[in-house]
Amino acid sequence: MKDVYFHYSNARGLLIDPSGTAVDHLVEACERADRVVRSLIMTASAEDWRGWVLHVTDNDGDQIFDVPFATVLGKPH
């Protein structure tokens, strides 16, 4: 089991995940990241999520992967 951290950023700054989440493998981290991004996008808000990125890091702060919110949102019409 490994702790991963889900940090969010946009052009205005970075939001840090202080507690992290325990996952058993990379696939679980990817699935969790997708759920987190979709949950934020579905929340009623005036936020334009296209400029946001979810950064997944390990205990040492090393980046494992990124999920740009735009990849989930798609292109605007």
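In this predicted model, the largest nonpolar core brings together 16 residues. Those with the most contacts inside this core are Phe-6, Tyr-8, Ala-33, Leu-54, Val-56 and Phe-69. Four elements each supply at least two residues of the core: strand 1 (2-10), helix 1 (26-42), strand 4 (53-57) and strand 5 (63-68). Helix 1 gives the largest share, with 5 residues. As a general background, nonpolar side chains in soluble globular proteins tend to be buried together.

Helix 1 is a good place to begin a tour of the model. The helix has 17 residues, and the distance from its first C-alpha to its last is 24 Å, close to the 24 Å expected at 1.5 Å a residue. Which residues of helix 1 are buried? They are Ala-29, Ala-33, Val-36, Val-37 and Ile-41. Seen down the axis of helix 1, these buried residues fall within an arc of 130°, so they line one face of the helix. The partners that the buried residues of helix 1 pack against are strand 1, strand 3 (21-23), strand 4, strand 5 and helix 2 (69-73).

Two alanines of helix 1 show this packing in detail. Ala-33, listed above among the core residues with the most contacts, touches Phe-6, Leu-54, Val-56, Phe-65 and Val-67, leaving aside residues up to four places away in sequence. Ala-29 also has its place in helix 1. With a relative accessibility of 2%, Ala-29 counts as buried, because the limit for that class is under 20%. Again leaving aside residues up to four places away in sequence, Ala-29 touches Val-4, Phe-6, Val-23 and Phe-65. Phe-6 is thus a name to look for in the contacts of Ala-33 and in those of Ala-29. A further distance helps to place Ala-29: its C-alpha atom and that of Val-56 are separated by 8.1 Å, although the two residues are 27 residues apart along the chain.

The aromatic side chains come next. The structure holds 3 aromatic pairs. In one of them, the ring centres of Tyr-8 and Phe-69 are 6.5 Å apart and the ring planes stand at 80°, so the pair is edge-to-face. Tyr-8 lies in strand 1 and Phe-69 in helix 2, so this pair ties together parts that are 61 residues apart in sequence. Tyr-8 is buried, with a relative accessible area of 19%, a value that falls in this class because the limit is under 20%. Phe-69 counts as buried as well, at 0% relative accessibility.

Phe-69 also takes part in an aromatic pair with Trp-49. Here the arrangement is stacked, with 5.4 Å from centre to centre and 25° between the planes. This pair, too, links distant parts of the chain: Trp-49 sits in the loop between helix 1 and strand 4, whereas Phe-69 is in helix 2, and the two are 20 residues apart. Both Trp-49 and Phe-69 are buried. Which residues make up the aromatic cluster? Tyr-8, Trp-49, Trp-52 and Phe-69 form one such cluster.

Charged side chains add another set of links. In general, side chains of opposite charge can pair when their charged atoms come close. The count here comes to 3 salt bridges. One of these joins Glu-47 to Arg-12, with the closest N and O atoms 2.9 Å apart. Glu-47 belongs to the loop between helix 1 and strand 4, while Arg-12 belongs to the loop between strand 1 and strand 2 (13-15); the pair therefore links distant parts of the chain, 35 residues apart. Glu-47 is partly exposed, at 27% relative accessibility, and Arg-12 is exposed, at 66%.

Another salt bridge lies in helix 1, where the side chains of Arg-38 and Asp-34 meet at 3.0 Å, N to O. Being 4 residues apart in helix 1, these two are separated by about one helical turn. Arg-38 is partly exposed, with a relative accessible area of 43%, and Asp-34 is also partly exposed, with 30%. A further salt bridge is formed by the side chains of Asp-48 and Arg-50, again at 3.0 Å from N to O. Asp-48 counts as partly exposed, at 41% relative accessibility. Arg-50 is likewise partly exposed, with a relative accessible area of 41%.

Notes
Residues are numbered from 1 along each chain as its sequence is written. This is a predicted model: local features need pLDDT of at least 70, side-chain atom pairs count only at pLDDT 80 or more; totals for chains, interfaces and linings use all residues. Side-chain values use heavy atoms; hydrogens and water are left out. A nonpolar core is a set of buried Ala, Val, Leu, Ile, Met, Phe, Trp, Tyr and Cys residues joined through side-chain atoms within 4.5 Å. Buried means under 20% relative accessible area, exposed over 50%, partly exposed in between (1.4 Å probe, protein chains only). Contact means heavy atoms within 4.5 Å. The expected span of a helix is 1.5 Å times one less than its number of residues. The arc is that of the directions from the helix axis to the C-beta atoms. Rings of Phe, Tyr and Trp (its six-membered ring) pair if their centres lie within 6.5 Å; planes under 30 degrees apart count as stacked, over 60 as edge-to-face and the rest as tilted. A salt bridge is a side-chain nitrogen of Lys or Arg within 4 Å of a carboxyl oxygen of Asp or Glu.
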